[in-house]
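Okay, thanks for coming, everyone. I'd like to walk you through one structure today, so have a look at it on the screen and then we'll go through it piece by piece.

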Amino acid sequence: MKKRLDAIDDDLERAVFLAHYNSSRQRLLRFAGVLLIVAKHGLRGLLYVWPLALLLFVELPGAWDGLRLLLLGLAVAAWFHFIRGSVRDDYRRFLSGALLEPAALKRVL
């Protein structure tokens, strides 16, 4: 495995690393990695909140519409909170501060 940014002490080596790290290819690979991470955790998060999301399709009397919207809002907030932390942790673990190869995106999944 290649060195990570935080493991480099030499200034010249750090400058060369940063030049390569900020290249358009590396940015594209990190963006693709973020998309994979968001998709992975987004689908996993849906497994936790799908019962609340099903309330959209249940026909309830008019008095329950407010409760249904409240529960739906809670489901979306829980889903967002769940995937935000997971995406941030996986980004730090797999993508941040490392030079990537296309094969490295397989580790993300």
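So, D90 and R93 sit together in helix α3, three residues apart, which is about one turn of the helix. This is a predicted model, by the way, so keep that in mind as we go. Those two form a salt bridge, with the closest N and O atoms 2.3 Å apart. In general, side chains with opposite charge can pair when their charged atoms come close.

Now, is D90 buried or exposed? D90 has a relative accessible area of 2%, and because the cut-off for buried is under 20%, it counts as buried. R93 is another story: its relative accessible area is 54%, so R93 is exposed, the cut-off there being over 50%.

And D90 has another partner. The side chains of K40 and D90 also meet in a salt bridge, 3.1 Å from N to O. That pair ties together distant parts of the chain, with K40 in helix α2 and D90 in helix α3, 50 residues apart. Put the pairs together, and K40, D90 and R93 are joined into one network by salt bridges that share partners.

How many salt bridges are there by this rule? Three. We haven't met E101 and R25 yet: they form a salt bridge as well, with the closest N and O atoms 4.0 Å apart. Here too, distant parts of the chain are linked, since E101 is in the loop between α3 and α4, R25 is in helix α2, and they are 76 residues apart. Both ends are partly exposed: E101 has 37% relative accessible area, and R25 has 41%.

Okay, on to the nonpolar side of things. The largest nonpolar core has nine residues: L29, I37, V87, F94, L95, L100, A104, L105 and V108. Helices α2, α3 and α4 each supply at least two of them, and α3 gives the largest share, three residues.

If you want one residue to click on, try I37. Leaving out residues up to four places away in sequence, I37 touches V87, D90, Y91, L95 and V108. So there's our D90 again, in the contact list of a core residue.

Last stop, the surface. L47, W50, L54 and F57 make a nonpolar patch of about 510 Å². F57 lies in the loop between α2 and α3, and with a relative accessible area of 71%, F57 is exposed.

Technical notes: Residues numbered from 1 in each chain as written. Predicted model: local features only at pLDDT ≥ 70, side-chain atom pairs only at ≥ 80, totals over all residues. Heavy atoms only, no water. Core = buried A, V, L, I, M, F, W, Y, C linked by side-chain atoms within 4.5 Å. Buried < 20%, exposed > 50% of the residue type's maximum accessible area, 1.4 Å probe, protein only. Helix = DSSP H or I, 4+ residues; strand = E, 2+ residues; numbered from the N terminus. Contact = heavy atoms within 4.5 Å. Patch = residues over 30% accessible without salt bridge, like charges linked within 9 Å, V, L, I, M, F, W, Y side chains within 5 Å. Areas by Shrake-Rupley, 256 points an atom, 1.4 Å probe, with all protein chains shown as cover.
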